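Colleague: I have a model open and I am new to this. Could you show me how to read it, feature by feature?

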Amino acid sequence: MPLIGEIRWRIEARLKLKLGRQSINCQQWTELVTEYLEGTMPRGLARAADRHLADCPLCTQYLDQMRRTIALTGSIPADDVPAPVVDALQRAFNDYRSGQA
């Protein structure tokens, strides 16, 4: 999602949260899954995510895949990942976020 679109969505989401009508779609879910798993998502947004997951088997599957990935990779000490690999992943992530990927 382009930065302006993401900012607009977050503003609209906050307004809907205040009005009690917040909802999310699949694309938004994939962008918010980390906050959901870490427990850092605002309560109203987490409720909206729960509602979405109750109706969306694909996003529920994505959540399960993320949990399995975390369980598998969570046992890899950071020291075991070579610095060039970390650098390459960071560049790829930055390129993706800036729309260059």
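Modeller: We will go from the overall fold to single residues. Keep in mind that this is a predicted model.

Colleague: How many helices and strands are there in the chain?

Modeller: Start with the secondary structure. The chain has five helices and zero strands. Written along the sequence, the pattern is α-α-α-α-α.

Colleague: What share of the 101 residues counts as buried?

Modeller: Buried means under 20% relative accessible area. In this chain, 20% of the 101 residues count as buried. The accessible surface is about 7500 Å². Carbon and sulfur atoms make up 57% of that surface.

Colleague: What do the contacts tell me about residues 24 or more positions apart?

Modeller: Take the contacts with a separation of 6 or more. Of these, 54% join residues 24 or more positions apart.

Colleague: Now a single helix. How far apart should the end C-alpha atoms of H2 be?

Modeller: Count 1.5 Å a residue. H2 covers residues 26–38, so its 13 residues should span 18 Å. The model gives 19 Å between the end C-alpha atoms, which agrees. Try H5 too, at residues 83–98. H5 has 16 residues and reaches 22 Å, close to the 22 Å expected.

Colleague: Where is the kink in H2 centred?

Modeller: On Leu32, with a bend of about 55°.

Colleague: Which residues of H2 are buried?

Modeller: First, the general idea. An α-helix has 3.6 residues a turn, so residues three or four places apart point the same way. Now the case here: the buried residues of H2 are Gln28, Trp29, Leu32 and Val33. Leu32, the centre of the kink, is thus on the buried list as well.

Colleague: What sits at the ends of H2 and H5?

Modeller: Look for caps and for positive phi angles. Asn25 caps the N-terminal end of H2. A side-chain oxygen of Asn25 lies 3.1 Å from the backbone nitrogen of Gln27. Just after H2 comes Gly39, with a positive phi of about 75°. H5 is followed by Gly99, and the phi of Gly99 is positive too, near 85°.

Colleague: How many disulfides does the structure hold?

Modeller: Zero. Cys26 is in no disulfide, and its nearest cysteine sulfur, in Cys59, is 3.6 Å away.

Colleague: Why is Cys56 not bonded to Cys59?

Modeller: A disulfide needs two cysteine sulfur atoms within 2.5 Å. The sulfur of Cys56 is 3.6 Å from that of Cys59, so the gap is too far for a bond.

Colleague: Are Cys26 and Cys56 buried or partly exposed?

Modeller: Compare each value with the 20% cut-off. Cys26 counts as partly exposed, because its relative accessibility is 36%. Cys56 is at 10%, so Cys56 counts as buried.

Colleague: Which residues is His52 in contact with?

Modeller: Leave aside neighbours within four places in sequence. His52 is then in contact with Ile24, Asn25, Cys26, Trp29 and Cys59. His52 itself lies in H3, residues 43–55. Its relative accessibility is 12%, so His52 counts as buried.

Colleague: And where does Thr60 lie?

Modeller: In H4, residues 57–73. Thr60 has a relative accessible area of 27%, so Thr60 is partly exposed. Its C-alpha is 9.6 Å from that of Asp50, and the two residues are 10 apart along the chain.

How values were computed: Residues are numbered from 1 along each chain as its sequence is written. This is a predicted model: local features need pLDDT of at least 70, side-chain atom pairs count only at pLDDT 80 or more; totals for chains, interfaces and linings use all residues. Side-chain values use heavy atoms; hydrogens and water are left out. Helices (H or I, at least four residues) and strands (E, at least two) are DSSP runs, numbered from the N terminus. Buried means under 20% relative accessible area, exposed over 50%, partly exposed in between (1.4 Å probe, protein chains only). Contact means heavy atoms within 4.5 Å. Accessible areas come from the Shrake-Rupley method with a 1.4 Å probe; for residues, only the protein chains shown count as cover. The expected span of a helix is 1.5 Å times one less than its number of residues. The bend at a residue is the angle between axes fitted to the seven residues ending there and the seven starting there. A polar contact is a pair of N or O atoms within 3.5 Å; within protein, one must be able to donate a hydrogen and the other to accept it, and residues adjacent in sequence count only if both atoms are side-chain atoms.
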